Amino acid sequence: MTQTRNQILFQKPLQTFRWIMRQVCLVTVAAVGAVTAVASVVTPATTIRDPNMMLPSIRSFMGQTPFTEAFQCGDSSFMKVFRISCEYQADRESISSMCKDIPEGLPVQRQVISCTDDSVTIYIDATGESVILSSEEYFGAGLSVPELFLETLPQFIGYDSAYLTITSTEHSTYTLGRGTSKERKVPSMNIRGLIGEPDKKGLDILVSITRDVAGIAQVVRLRTEQHSWFLVEDFVTGNTK
């Protein structure tokens, strides 16, 4: 069954394996994630708080890629998922969580299987399901997969009553194809921030993004505190539209 990206990405997470698989699909669009049921009411994207004016540097690093270039039929990304879901409780002094993890990591492949000028369909092998991303949604995020992901990050980790505050960015490199004959380093940016509710202790987050790669491989890492949710291992680019 095919669902729209908004139906899948903008909703209160259900604590199931299928939920995280659909979300992960867009962790990308990843992603990265998934659900046993789809809510009929769409949850709006989170307003990103940017007191130190970091968003311009993120946009400058990524640039803008037209929709039909960012997502092409045959594009595939390969990742490992380590965390499925969390529940959070916070007060002014502390924040605690109960999470479901896969310590060894679950291999997940996402592939663009259908393309038009207006939308693409992305298939997730771990669940046998697919999601649709429209050009309108992509344009609304400033032609930026990372910004699309940041806007929905609290919902993605299951803390949808919280907001995201970006605190800093740093240029780095990220290793793709690690341990293979295709191992190489690509330019990346680490985005650090806090996810939290007003007047409560926040959760430290790290999102790593890359450029000059397929759209479904541009968000390569999510970490909360010291725990990785997923890591992108590599990608291949399709030859057809």
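## Largest cavity

The lining of the largest cavity is made up of four nonpolar residues, four polar residues and no charged ones. This description rests on a predicted model. The nonpolar and polar residues of the lining are Met 62, Gly 63, Thr 65, Tyr 138, Leu 143, Ser 144, Val 145 and Gln 218. The volume of this cavity is about 30 Å³.

## Aromatic pairs

A pair of aromatic rings is described by the distance of the centres and the angle of the planes. The count of such pairs in this model is eight. One of them joins Phe 67 and Phe 71, whose ring centres are 5.6 Å apart; their planes stand at 50°, so the pair is tilted. Both Phe 67 and Phe 71 are buried.

Another pair is formed by Phe 156 and Phe 230, with ring centres 6.2 Å apart and planes at 80°; the pair is therefore edge-to-face. Phe 156 belongs to helix H7 (residues 153-157) and Phe 230 to strand E11 (residues 227-236), so that the contact links distant parts of the chain, 74 residues apart. Phe 156 has a relative accessible area of 1% and is therefore buried. For Phe 230 the relative accessible area is 0%, and this residue is buried as well. Phe 156 and Phe 230 also belong to a cluster, linked by ring pairs, that includes Phe 149 and Trp 229.

## Arginine over aromatic rings

Two arginines are placed over aromatic rings. The charged end of Arg 83 sits over the ring of Trp 229, at 5.8 Å from the ring centre; Trp 229 is one of the residues in the aromatic cluster. Arg 49 lies over the face of Tyr 163, with a distance of 3.6 Å from the ring centre.

## Salt bridges

The model contains six salt bridges. Among them is the one between the side chains of Glu 170 and Arg 192, with an N to O distance of 3.0 Å. Glu 170 is located in strand E7 (residues 163-176) and Arg 192 in strand E8 (residues 184-196), so this pair links distant parts of the chain, 22 residues apart. Glu 170 is partly exposed, at a relative accessible area of 33%, and Arg 192 is also partly exposed, at 31%.

Strand E8 takes part in a further salt bridge through Arg 184, whose side chain meets that of Asp 234 at 2.9 Å, N to O. Because Asp 234 lies in strand E11 and Arg 184 in strand E8, the pair ties together parts that are 50 residues apart in sequence. Asp 234 has a relative accessibility of 14% and therefore counts as buried, whereas Arg 184, at 28%, counts as partly exposed.

The side chains of Lys 200 and Glu 197 form a salt bridge with an N to O distance of 3.6 Å. Lys 200 is partly exposed, with a relative accessible area of 36%. Glu 197, at 17% relative accessibility, counts as buried because the cut-off for that class is under 20%.

## Buried isoleucines

Ile 157 lies in helix H7 and is buried, with a relative accessible area of 1%. Ile 157 and Ile 195 are separated by 38 residues in sequence, and their C-alpha atoms are 9.8 Å apart in space.

Ile 191 is placed in strand E8. At 1% relative accessibility, Ile 191 counts as buried. The distance from Ile 191 to Val 207, C-alpha to C-alpha, is 5.1 Å, although the two are 16 residues apart in sequence.

## Positive phi in loops

Most residues other than glycine have a negative phi. Asp 199 has a positive value, with phi near 65°. This residue is found in the loop between E8 and strand E9 (203-210). Asp 199 is exposed, with a relative accessible area of 57%; the cut-off for that class is over 50%.

Glu 225 likewise has a positive phi, near 55°. Its place is in the loop between strand E10 (219-224) and E11. At 37% relative accessibility, Glu 225 counts as partly exposed.

Note on methods
Residues are numbered from 1 along each chain as its sequence is written. This is a predicted model: local features need pLDDT of at least 70, side-chain atom pairs count only at pLDDT 80 or more; totals for chains, interfaces and linings use all residues. Side-chain values use heavy atoms; hydrogens and water are left out. Rings of Phe, Tyr and Trp (its six-membered ring) pair if their centres lie within 6.5 Å; planes under 30 degrees apart count as stacked, over 60 as edge-to-face and the rest as tilted. Buried means under 20% relative accessible area, exposed over 50%, partly exposed in between (1.4 Å probe, protein chains only). Helices (H or I, at least four residues) and strands (E, at least two) are DSSP runs, numbered from the N terminus. A charge sits over a ring if NZ of Lys or CZ of Arg is within 6 Å of the ring centre and within 35 degrees of the ring normal. A salt bridge is a side-chain nitrogen of Lys or Arg within 4 Å of a carboxyl oxygen of Asp or Glu. On a 1 Å grid over the protein atoms alone, a cavity is a set of points where a 1.4 Å probe fits but cannot get out, and a pocket is an open set with protein on both sides within 12 Å along at least five of seven lines; lining residues have an atom within 4 Å of a point. Grid points are joined across faces, edges and corners, and a volume is the space filled by probe spheres set on the points. Ala, Val, Leu, Ile, Met, Phe, Trp, Tyr, Cys and Pro count as nonpolar, Asp, Glu, Lys and Arg as charged, and the others, Gly among them, as polar.
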